[in-house]
Every structure is written in structure tokens, then in C-alpha cells.
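Me: I should like to learn how to read a protein structure, one feature at a time. May we work through an example together?

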Amino acid sequence: MRVRLRGINSKRKRLADGSFRTYYWAWKGGPRLHEEPGTPEFIASYNEAVAKKVMPPTGKLLSVLQAYQASDDFLNRAERTKLDYVRQIKLIEREFADFPLSAMTEKRTRGIFKAWRERLAETSRRQADYAWVVLARVLSFGTDRGLVAANPCARGGRLYRGSRAEKIWTPADEAAFLEHAPAHLHLPLLLALWTGQRQGDLLRLPWSAYDGKQIRLRQSKGGRPVVIPVGAPLKAALDATARHSPIMLTNSDGKPWTADGFRASWAKACKRAGIVGVTFHDLRGTAVTRLAICGCTEPEIATITGHSLRSVRAILDMHYLSRDPALAESAIRKLERGTKTPD
């Protein structure tokens, strides 16, 4: 009789003598299983692990945290988002796993959660805000499912008030990067500047999305489809790039980037080029800025970058253009051309 054991996690490792061996765990992060699959000893160790597995106590916040992670609201999110959420959920579990759900309606509960956020903010205000957002979302899920009577974290505001108003790649930054960075990092720079897309979407972009004239993609955030005409400099770079993989952007070994690997290599290249204060993510705002300086309308910019019109307007009004000297220079030149002055 064949028995199917659910949730088993395995990993193949190379031993000191060069041979390989596969190890098994009852579930990801669970206890190690002994002997080989199919043997009575293996099944016995699995049953023992399952019997000892601690079930979330009813009436405690841990039960809602685990229910959320099993829900479609969590499982349908992008992989990177799920990893980030799990990191924040672990922080919440460490502090409030046994917090009674019956206390969610008490007035002092909101103060308890805010005091926790303030302690996190001593290390990072941004991460403290992120942890609060995740907790609020979990409790919102709980109230919708009838698991929690109230959400004391609703409308909690933010502690972090950062602005990237001056975080724009200048032409000098671009030239320095192209001069000093490895060749395999040139295409990511040009793609970001000429498409205005997010890092994650560009790292996943396949060659099949490029037909020689346009790039077609569906953004991971919001699922918005975008069709981008390819400008001459980007087209020249794409046509000259060897296709080592079905994925467009690859590392020095010709393999698709991991997110962490790309961030590390990009940071080293920027340091080598003497570029400080801007990141790859700022290239998206730089693309918006350059399009606006060239006279593009808000709908035109939104069509290329995939922003909503409201988001484009917010970027132009509050973040990027308010301090860009090139925009002021462009405005004065237009004023000169349109003004009749006496001899």
C-alpha cells in the first residue's frame, strides 16, 4: 500500500567526498526526518513530527496570523511581497503571538501596538511602518472573516517621512556608470531609463517581449499591461546584446539575475563609478522626469511607464520636478521663444 505524506520538504546536498545526499524535513522549517522515504522508520518519524506540531491556540493572534498566510489574499501576492510579509509576520509573532483576540476591542490595545511600532522605529522608521501595515492588513483580514471583532491598527499613519525629491540620475551619473560599470550592467541602466519600469519587472523580462520595435509586458504590481516603443539608443543596445538566456537581463555568467545578486552587483558598480545618493529604483523617477522635460504630457508618460495619471501627477508635483533645474531651464527657453521683445 502506498502512503502519500503531505508537506515534506527536501534538499539535496554535496557531501565532503563529492557524493550527493537528499535530506528530508516534515515541512519547511520543521523537524528532520530519518531514513529513506517509504521505509517504516521514515513514516514513523513523520508521524511523530506531525503529532508534536504545535497548533495555534484559539483566541490568540497567532491563529489569525497563520490563517492569513493560508489565505488567497496572501498566496496571490508576488513572491517578493510574500517574503517581505513573512519577515514582518515573524516580528509580529515574536511580540504578540499569544495576544488575546478578545482584547482587540479595548481602547488601550491600539496604544500597545503603537508602543511596539515606536520601539521598532528606534532601528528603522520605514521598517516599523511596514510592520504596522502588515499587522493592520492581517487584522483587516481577520475582521472580514469574523475572526477578530475590531482592527485597532486601522488608519495608524506613518512615522517615516522620507522624500526622494532630489534623487535623480543626472547625465553625468549615467556617463560615469557606463564608463566604469561592467558591460553586462549597461543594458539594465538603459532599459530602466527608456522604459521607466520597476527593477523586478525588468529582471523577469523575456526576449519574447521585444519584437524589434516595441516591448510588451504586464507589470507585476497591479497587473497593468504596457506597450513601450523602443527608442534608438535602447534598440541599438538590445540588438547588440547576445541572447544567453530566454530572460533579457543576465549576469556575467549569462544566467538570469536573482534579486539579491543584482542589488549587490549594482551597488558595487555604483561605488566604482563614484555614484552616491541614488539607486536603481530612482531610475524610474528619472525616466518620468526626462519625459516631462522633453515636453511629454502626463497621459504620454503614463502610457510608457504604466503609472496611473494620478501617480504621474503626484510624481511631477511633489517628488521629482519641483527641484529639477533642467525643467526651469526648459521653461525659460520656451518663454524666450514665445516672447516678443522690443529691439
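The dialogue below takes up the overall make-up, a pair of strands, the nonpolar cores and the aromatic rings.

Me: Which helices and strands should I expect, and how many are there of each?

Reply: Please note that this is a predicted model. The protein has 15 helices and five strands. Of its 343 residues, 37% are buried. About 20,900 Å² is exposed, with carbon and sulfur atoms supplying 53% of that area.

Me: How do I read a strand such as β4, and which residues are on its covered face?

Reply: One looks at the two faces in turn. In β4, residues 214–218, Ile215 and Leu217 make up the covered face, whereas Gln214, Arg216 and Arg218 belong to the uncovered one. Strand β4 is antiparallel to β5, residues 225–229, and five bridges join them. Across this pairing, leucine 217 stands opposite valine 226. The hairpin has six residues between the strands, and glycine 222 adopts a positive phi near 95 degrees there.

Me: Where do nonpolar side chains tend to be found in soluble globular proteins?

Reply: In such proteins they tend to be buried together. Here the largest nonpolar core holds 37 residues, and Trp169, Phe177, Leu191, Ile215, Leu238 and Trp266 have the most contacts inside it. Helix α8 (186–195) is among the elements that give two or more residues to this core, as are β4 and β5. The greatest contribution, six residues, comes from α8. A separate core of 25 residues includes Val64, Phe74, Tyr85 and Ala103.

Me: What describes a pair of aromatic rings?

Reply: One gives the distance of the centres and the angle of the planes. The whole structure contains 15 aromatic pairs. In one of them, tyrosine 24 and phenylalanine 42 meet edge-to-face, at 5.6 Å centre to centre and 90 degrees between the planes. Tyrosine 24 lies in strand β2 and phenylalanine 42 in helix α1, 18 residues apart, so the pair links distant parts of the chain.

Me: Why does tyrosine 24 count as buried?

Reply: Tyrosine 24 counts as buried because its relative accessible area is 17%, and buried means under 20%. Phenylalanine 42 is buried as well, at 2% relative accessibility.

Me: Which residues form one aromatic cluster?

Reply: The cluster consists of Trp169, Phe177, Trp257, Phe262, Trp266 and Phe280. Tryptophan 257 and phenylalanine 262 are both buried.

Me: Which ring has the charged end of arginine 12 over it?

Reply: That ring belongs to phenylalanine 20, and the charged end of arginine 12 is 4.0 Å from its centre.

Note on methods. Residues numbered from 1 in each chain as written. Predicted model: local features only at pLDDT ≥ 70, side-chain atom pairs only at ≥ 80, totals over all residues. Heavy atoms only, no water. Helix = DSSP H or I, 4+ residues; strand = E, 2+ residues; numbered from the N terminus. Buried < 20%, exposed > 50% of the residue type's maximum accessible area, 1.4 Å probe, protein only. Areas by Shrake-Rupley, 256 points an atom, 1.4 Å probe, with all protein chains shown as cover. Pairing = 2+ DSSP bridges. Core = buried A, V, L, I, M, F, W, Y, C linked by side-chain atoms within 4.5 Å. Phe/Tyr/Trp six-rings, centres within 6.5 Å; stacked < 30°, edge-to-face > 60°. Lys NZ or Arg CZ within 6 Å of the ring centre and 35° of its normal.
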